[in-house]
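Reader: I would like a close look at one part of this model, followed by its surroundings. Please keep to what can be computed from the atoms, and give the cut-offs as you go.

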Amino acid sequence: MGVRSLLVASTVLALGLALSGATNPGFVVRITQAGLDYAKQHGVAILEEELAQLKLQDISGESRIPVLGKVRYEISGLNLRDFQLPHSQISLVPNEGLQVSISNAFAELDGNWRVKLRILRHHGSFNLNVEHIYIKTILKLGRDDSGKPTVDISACSTSISNVRVHFSGKLSWLYNLFRKTIASKFKENLEDKLCDTLRSSARRYLQPYLQTVPVTANIDAVAGIDYSLTAAPVATAKFLNVGLKGECFSLAQRTPVPFTPPALAVPPVHNRMVYFGVSSYFFNTASFAYHTAGALVFEITDAMIPEDIEFRLNTSTFAAFLPQLDEMYPNMPMKFRLSAPSAPFLNIGTNGVSLQPVVDIQAYAIYPNGNLAPLFLLGLTGNVSATTNVQSGRMVGSLAVDSMNLTLKHSNVGTGTFKVKTVQSIMNVVASSILLPRLNERLGKGFPLPLPAQVQLSDPIVQFHENFLLFGANVRYQPRRGR
């Protein structure tokens, strides 16, 4: 193989690997049949309102009746009093979208009739019942250039089995002679209007509502989440799957993430209306974003030590195991600065969530003028476990330290009598009484989920899988007043 061919082959292979890695979403939303059925209830209620406001065209024409001759008729003032959709169904059409089927719908109308027969002119009113209306439509789901979901009606068909007309007034017997002609024209008129109304409702209500699903969401003032769709939603025989980028980023400056999301093998569970598969990639990009933004730095001063803690954060306390402090910095306040040399990565497995953070702890003495004197640098490695849940449409969590180990990395005040174990007992107290409560307070505020407007979650469950968490929940929609 020549150098040029080898170069081309290597480039294609690298590009292929990059593209294959990029196709994995960091976050997956799965809607079950129960979720689709719940959404259908609210959609059908809106559709009934829309159909009840249908404006039907007047019907006019001529009909020749034996003996009587040519009759000119006109149907006007069509008023749709009621439109009911008692039976509806939404089903998944693999690789195509969603099929909405309405059967045995019925409508009631009234209006006015006018007839001209030779020199006779008469008018009256009529009642019309439309029965066994059938509607079938395909909703095609996609994504726009910004990564938001889209919907369109790709196919629509209607049929009406029965139209019953009752005329009243003088010469109503005449209308009854060509009732079938009028019923046929009305049926054709209504069938055309039904599909037009469905398309209009999709444009006016469904598409704008889907646009309320956030493409980006701010976690706080430091970081945000990219929830753009990686591809069009995919319908399978049992689920509707939506892949999202699921990548956290620094709001100050978005930096390319140096790792890719793993594949998510979401199990075929269906006990809840919706499931969220949250990859370890999602949480690790959050860690990367906060580290990049310099937000994984914590300072601990004596003012933060609770009053019921026996020791104070000053050189007198630490002189007990580091005597040089009394000589070099007598009775001076101290400060710890904790920082992560690299972003801590979270591990998700079937047994739960854990991480092994590596933290540098730099101790300082504080001069009266506020200047700092570096004392010693400690390295901390730990084993931390995490619990997670869903509350108020957000993923929340908390951390617990299972174990941690300290090592002395550098000392500016000598190392001969440095007692790391004694310092570790102090750091255990600092971690449990100061650091963890602050971290858990932040994690308690959570990460916003990509929910459309007016949707709340209930009955949450959490499952642990290899490389991802699976949150399941039922959905409750609370429409705005007036809808």
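In which element is the place of His 132?

Author: His 132 is placed in strand β6. Strands here are DSSP runs of E with at least two residues, and helices are runs of H or I with at least four, both numbered from the N terminus. The model is a predicted one, in which local features need pLDDT of at least 70 and side-chain atom pairs count only at pLDDT 80 or more, while totals for chains, interfaces and linings use all residues. Residues are numbered from 1 along each chain as its sequence is written, and side-chain values use heavy atoms, with hydrogens and water left out.

The backbone of His 132 has a positive phi of about 55°, although this residue is not a glycine. His 132 counts as partly exposed, at 38% relative accessibility. On this scale, buried is under 20% relative accessible area, exposed is over 50%, and partly exposed lies in between (1.4 Å probe, protein chains only). A positive phi also occurs at Gln 454, near 65°, again in a residue other than glycine. Gln 454, however, is found in a loop, between β21 (447–448) and β22 (455–465). At 24% relative accessibility, Gln 454 too is partly exposed.

Strand β6 (120–143) also gives two or more residues to the largest nonpolar core. Such a core is a set of buried Ala, Val, Leu, Ile, Met, Phe, Trp, Tyr and Cys residues joined through side-chain atoms within 4.5 Å. This one has 48 residues, and those with the most contacts inside it are Phe 83, Val 130, Ile 133 and Phe 186. Besides β6, the elements giving two or more residues are α2 (33–52), β3 (69–84), β4 (87–93), β5 (97–117), β7 (149–168) and α4 (179–210). The most comes from β5, with nine residues. In soluble globular proteins, nonpolar side chains tend to be buried together.

Val 130 shows how the core is put together. With residues up to four places away in sequence left out, Val 130 touches Ala 105, Phe 106, Ala 107, Leu 109, Ile 160, Asn 162, Val 163, Phe 186 and Leu 190, where contact means heavy atoms within 4.5 Å. Another core lies apart from this one; it has 36 residues, among them Val 242, Ile 348, Ala 386 and Phe 471.

Ala 107 leads on to Arg 81. The C-alpha atoms of Arg 81 and Ala 107 are 7.6 Å apart, with the two positions 26 residues apart along the chain. Arg 81 has its place in strand β3 and is partly exposed, at 42% relative accessibility. On the same sequence exclusion, Arg 81 touches Glu 108, Leu 109, Asp 110 and Asn 127. Leu 109 is thus a contact of Arg 81 and of Val 130.

Phe 186 leads to an enclosed space. The second largest cavity, with a volume of about 40 Å³, is lined by Ile 59, Ile 75, Phe 126, Leu 128, Val 165, Phe 167, Ile 182 and Phe 186. A cavity is a set of points, on a 1 Å grid over the protein atoms alone, where a 1.4 Å probe fits but cannot get out; lining residues have an atom within 4 Å of a point. Points are joined across faces, edges and corners, and the volume is the space filled by probe spheres set on them. At least two lining residues come from each of β6, β7 and α4. By class, the lining has eight nonpolar, no polar and no charged residues. Here Ala, Val, Leu, Ile, Met, Phe, Trp, Tyr, Cys and Pro count as nonpolar, Asp, Glu, Lys and Arg as charged, and the others, Gly among them, as polar.

Strand β7 and helix α4 are also linked by a disulfide: Cys 156 is in β7 and Cys 195 in α4, 39 residues apart. The S to S distance is 2.1 Å, and a disulfide is taken as a pair of cysteine sulfur atoms within 2.5 Å. The structure holds one such bond. The torsion about the S-S bond is about -90°, so the disulfide is left-handed. Cys 156 is partly exposed, with a relative accessible area of 21%, whereas Cys 195 is buried at 8%.

Note on methods: On a 1 Å grid over the protein atoms alone, a cavity is a set of points where a 1.4 Å probe fits but cannot get out, and a pocket is an open set with protein on both sides within 12 Å along at least five of seven lines; lining residues have an atom within 4 Å of a point.
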